[in-house]
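Today I wanted to look up the aromatic ring pairs and where their residues sit. My notes follow the structure.

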Amino acid sequence: MYPIRFENLYYEKIWGGRDLEKFRDNLPNGDIGESWDIACHPNGTGSVENGTYKGTKFDDLIKEYGHSLVGSKVSTEKLPLLI
C-alpha cells in the first residue's frame with residue numbers, strides 16, 4: 001500500500017482562531033479550534049486525499065484491509081483514532 005494522506009477535518013470552536021494559516025493553506029472560514037488530521041472516530045472520519053483510494057473513508061479502508069492496514073494488535077471492530 002502506498003503512503004496515505006488524509007484530508008484535514010477542521011472544527012470551529014469559540015476558542016478558535018486562524019493560527020493554522022501560518023503553515024496550512026486549506027483552512028475553511030471561521031475560528032478553527034481543532035484540526036483532526038487522521039481520524040476514525042464516531043464524531044468524524046477522515047477521507048483519503050491522494051492516490052487510488054482518494055475519497056475513501058478511513059473506516060471503509062479498515063473494513064477492506066483489516067489488520068494488514070492497522071496491524072495485528074489493533075481491533076478492527078472498534079478503532080477510535082484521533083490525531
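Which residues do ring pairs link into a cluster? I found that Y2, Y53 and Y65 are the residues joined in this way, and I note at the outset that the model is a predicted one.

I then searched the whole structure for aromatic pairs, and the search returned four. I looked up the pair of Y11 and W36, whose ring centres lie 4.6 Å apart with the planes at 50°, so I entered the pair as tilted, since an angle that is neither under 30 degrees nor over 60 falls in that class. Y11 belongs to strand β1 (residues 9-17) and W36 to strand β2 (residues 32-36), so this pair ties together parts of the chain that are 25 residues apart in sequence.

For burial, I read a relative accessibility of 24% for Y11, which counts as partly exposed, whereas W36 is buried, with a relative accessible area of 10%.

Next I turned to Y53 and Y65, two members of the cluster. Their ring centres are 5.7 Å apart and their planes stand at 85°, so I wrote this pair down as edge-to-face. Y53 sits in the loop between β4 (44-45) and α1 (58-65), while Y65 is in helix α1, so the contact ties together parts that are twelve residues apart in sequence.

Are Y53 and Y65 buried or partly exposed? I noted 18% relative accessibility for Y53, which therefore counts as buried, because the cut-off for buried is under 20%; Y65, at 27%, counts as partly exposed.

How values were computed. Residues numbered from 1 in each chain as written. Predicted model: local features only at pLDDT ≥ 70, side-chain atom pairs only at ≥ 80, totals over all residues. Heavy atoms only, no water. Phe/Tyr/Trp six-rings, centres within 6.5 Å; stacked < 30°, edge-to-face > 60°. Helix = DSSP H or I, 4+ residues; strand = E, 2+ residues; numbered from the N terminus. Buried < 20%, exposed > 50% of the residue type's maximum accessible area, 1.4 Å probe, protein only.
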